[in-house]
Amino acid sequence: MTERVLMKGNEALAYGSLNAGLNAYFAYPITPSTETPETLAREYGNPNYPNFRVFLQAASELEAVNMTLGAACTGALAMTATSSPGFSLKQEAISYAAGMEVPFVVINVNRGGPGLGNLGAEQSDYFQTVKGGGHGGYQLIVLAPNSVQEMFDLPRTAFDLAFKYRNPVIILADAFLGQLKEDIHAVPPGNGLTRDTSWATLGSENGTRHILNSLHLDPDDQENHERHLHEKYEKMRDEVASETFLTDDAEIVLVSYGIASRISKNAVSLARDQGLRLGLLRPITLNPFPYDLVRILAGQGKKLLVVELNAGQMVQDVRLAADGTGRVEHLGRLGGNVPSTKQILAKAKEMMD
Amino acid sequence: MTVAQHRSKDTVSPQETQDGRPKALVLVVPELCKGCELCVYACPSGNLVLSHSLNKKGYHPAIFSYEGTQGPCTACGICYWVCPDLAIWEVRRLKK
Amino acid sequence: MVQIQDDYETKLGQTTGWTGIPTHYCPGCEHGILTRLIGLTLEEMGLLKKAVMVDSVGCSVLAYDYFNCDHIQAPHGRAPAVMAGVKRTHPELIVFTIQGDGDALAIGLLETVYAAIRGEPITVFLYNNSIYGMTGGQMAPTTMPGQITTTTPYGREVESTGNPIDIMKILSPIERVSYLRRGILVPQPVKAKHGLMYQVKNILDAKRIIENAFKVQQKGGYSLVEFLGTCNVNWKMTIEESKHYPFDQTIKQYPPGVFRDRFGIEGKIL
């Protein structure tokens with residue numbers, strides 16, 4: 001039996017994680033993600049969430065993510081949320097976790113940047129998040145919700161995938177989604193996640209030591225380790241997920257994620273009313289990216305209009321996938337501004353000529 | 001103290017042994033030793049000295065002889081505690 | 001050839017706390033002595049199977065090869081935070097780290113202080129040799145005024161770089177700290193009638209200190225143990241010269257002693 005509840009995006013991330021069996025949360029406040037730790041602080045000790053054993057506010061973003069790393073090394077479901085400037089600070093620990101193959105979840109509620117930027121919604125952390133913002137050749141699974149319902153549902157998926165692949169997983173939201181209130185179906189808490197933690201540092205009782213490290217001084221050891229990681233990333237491509245809306249007979253397909261995809265979807269409906277054949281491809285996993293789907297659409301002669309809240313980031317992946325077979329354009333707004341459906345339609349009409 | 005000054009490890013004074021056996025033994029693992037000489041100087045009875053030969057890493061490892069320059073080994077264990085490479089593997093003494 | 005048989009009993013032997021893998025430490029470095037002492041203590045206290053060592057970034061970075069327990073590698077300076085994450089989710093584990101003076105007092109100063117503020121039941125062993133060893137001898141927060149390092153080739157100038165910091169002074173007023181102790185791992189050079197000799201009293205004291213620190217963790221308290229050590233390679237001294245330096249110079253700035261003992265583990269509550 002599910003409840004219908006009115007909830008804010010950031011709160012939904014909190015409740016969704018609790019439902020998935022969150023064990024430990026390490027907090028640092030930063031607008032516009034702070035409601036997530038605040039919600040968890042309030043729910044700490046709630047007997048409905050017996051798995052939620054640790055809540056701690058750290059003294060810095062660095063302390064928070066490194067505590068998350070330590071907790072994750074014991075096989076606990078550990079998480080921390082932040083926004084763009086804080087996400088930059090966390091890159092070192094994320095790189096370590098990727099190298100050590102430790103699963104944890106980091107939430108980035110993308111705000112204006114670069115630098116201090118502002119508190120508005122942007123999608124300017126796409127490169128940083130999707131292409132790996134820390135040092136070294138690693139990949140993360142990046143999940144992009146576009147509704148409060150998905151903010152509630154995706155933490156469970158994030159933990160599932162993190163433990164399946166022993167890799168950090170990022171939930172990339174944006175300031176708009178974090179603050180948005182929508183009614184959702186709130187599934188009651190389950191029994192927590194069953195997962196394999198044979199690799200975790202829980203002591204060497206049976207004589208086997210568990211060593212979680214990312215240092216391999218011998219070049220051959222390091223090469224083999226990185227090859228192993230990249231084989232894993234190849235397997236991760238099975239997890240690609242996206243949503244399509246009226247793409248079959250579309251002339252122009254909008255490619256959009258997060259809050260931009262909500263506007264894009266409305267633009268598609270509006271366009272159809274006017275007899276314009278628009279469609280929408282919404283990646284839900286930004287990595288692995290739905291290259292194959294884009295390739296197919298471009299190969300069908302469809303034009304692609306990438307609508308994102310930045311000056312051109314995901315459009316590069318779309319161009320890569322289209323591989324010269326289609327016409328790819330970009331429409332972006334910045335600073336917390338969002339394109340209107342009118343703006344999108346105007347651009348689409350332009351492209352139709 | 002140089003290698004040359006140290007007495008040969010083959011001479012064992014009869015009064016210090018029991019039935020001809022040394023009362024105390026220090027087992028040094030030459031391949032672990034880095035020739036830092038801390039044990040050589042720390043030993044109160046001068047039972048350790050660096051060997052002429054080299055181990056695989058290119059160090060002159062410490063070698064033990066029961067009869068030291070200042071007397072026989074008493075299994076005091078000072079060499080064991082001071083060794084930074086855990087090359088002083090064991091300190092043993094004759095059971096009573 | 002002496003026969004080694006049952007006639008002999010082992011007075012001092014190897015410890016299962018050490019994997020047997022030869023260490024990479026420079027000849028004469030007290031990191032090796034610390035390895036033996038911690039290994040023995042964990043074995044004697046029966047804590048090896050529950051121990052999780054967090055490997056910090058410094059000369060002890062390869063500790064996962066030496067200590068016979070579980071290991072987690074931490075980014076530079078972050079060990080106290082990583083240990084807190086482990087300990088809070090699994091309080092039954094014994095967590096500890098060996099940090100250099102840079103890892104704990106420069107890049108990791110926030111993590112060090114905040115773990116102390118919260119009184120996290122973890123154990124930090126701080127190896128203070130007044131220099132950055134692993135990276136080849138740069139200035140550390142504990143480098144003495146006038147000391148020559150590769151980034152202070154004309155001697156450390158306090159007008160520009162400040163004075164060396166004493167973590168005991170920073171942490172001892174903190175309410176929830178349980179055990180702050182400074183010891184010396186360096187064998188003390190003395191003049192014997194036949195020449196140079198080293199005394200190992202400091203080393204034996206250090207073993208007791210290590211045991212105290214783990215006992216304090218078992219009681220749920222935070223402990224930071226700072227050990228003075230040498231770095232003859234980066235101090236550009238012979239091994240023998242380097243053993244004099246801590247007793248001649250370093251202890252003037254960093255005197256050994258008990259700076260906090262909330263449980264009275266050394267006899268007196270401080």
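In what order do the five strands of the open sheet in chain A run? In this predicted model, the order is β11-β13-β12-β15-β16, and the pairing is mixed. The edges of the sheet belong to β11 (242-245) and β16 (328-332) of chain A, each of which pairs on one side only. Going from one strand to the next, the twist averages 20 degrees.

At the β11 edge, β11(A) pairs with β13 (residues 278-283) of chain A in the antiparallel sense, over four bridges. Within this stretch, A:Glu243 sits opposite A:Arg282 of β13(A). Two helices of chain A also pack on the sheet. One of them, α11 (residues 291-299), touches β11, β12 (252-255), β13 and β15 (303-308) of chain A. The direction of α11(A) makes about 160 degrees with that of β13(A). The other helix, α12 (residues 314-322), touches β12, β15 and β16 of chain A. Here the angle is taken against β15(A), and it again comes to about 160 degrees. Both helices thus have β12 and β15 among the strands they touch.

Turning to chain C, helices α2 (residues 79-89) and α4 (residues 109-118) pack with their axes 7 Å apart, at an angle of about 40 degrees. An angle under 35 degrees would count as roughly parallel and one from 65 to 115 as roughly perpendicular, so α2(C) and α4(C) are oblique to each other. On the α2(C) side the contact is made by C:Pro80, C:Ala81 and C:Ala84, which meet C:Glu111, C:Thr112 and C:Ala115 of α4(C). Sorted by character, the residues of this helix pair contact are four nonpolar, one polar and one charged.

Chains A and C also meet each other. Chain A puts 36 residues into that contact and chain C puts in 28. On the chain A side, the elements giving two or more residues are β2 (24-27), β3 (54-57), α3 (61-73), α5 (91-100) and β10 (211-212). Helix α3(A) supplies the largest share of that side, with nine residues. By residue type, the side of chain A that touches chain C splits into 19 nonpolar, 12 polar and five charged.

One of those chain A elements, β10(A), takes part in strand pairing across the two chains: β10(A) and β3 (residues 70-73) of chain C run in the parallel sense over two bridges. In this pairing, A:Leu212 stands opposite C:Ile72 of β3(C).

Methods. Residues numbered from 1 in each chain as written. Chains lettered and ligands numbered in written order. Predicted model: local features only at pLDDT ≥ 70, side-chain atom pairs only at ≥ 80, totals over all residues. Pairing = 2+ DSSP bridges. Axes fitted to C-alpha atoms, helices over the stretch in contact; angles between N-to-C directions. Contact = placed C-beta atoms within 7 Å. Parallel < 35°, antiparallel > 145°, perpendicular 65-115°, else oblique. Nonpolar A, V, L, I, M, F, W, Y, C, P; charged D, E, K, R; others polar.
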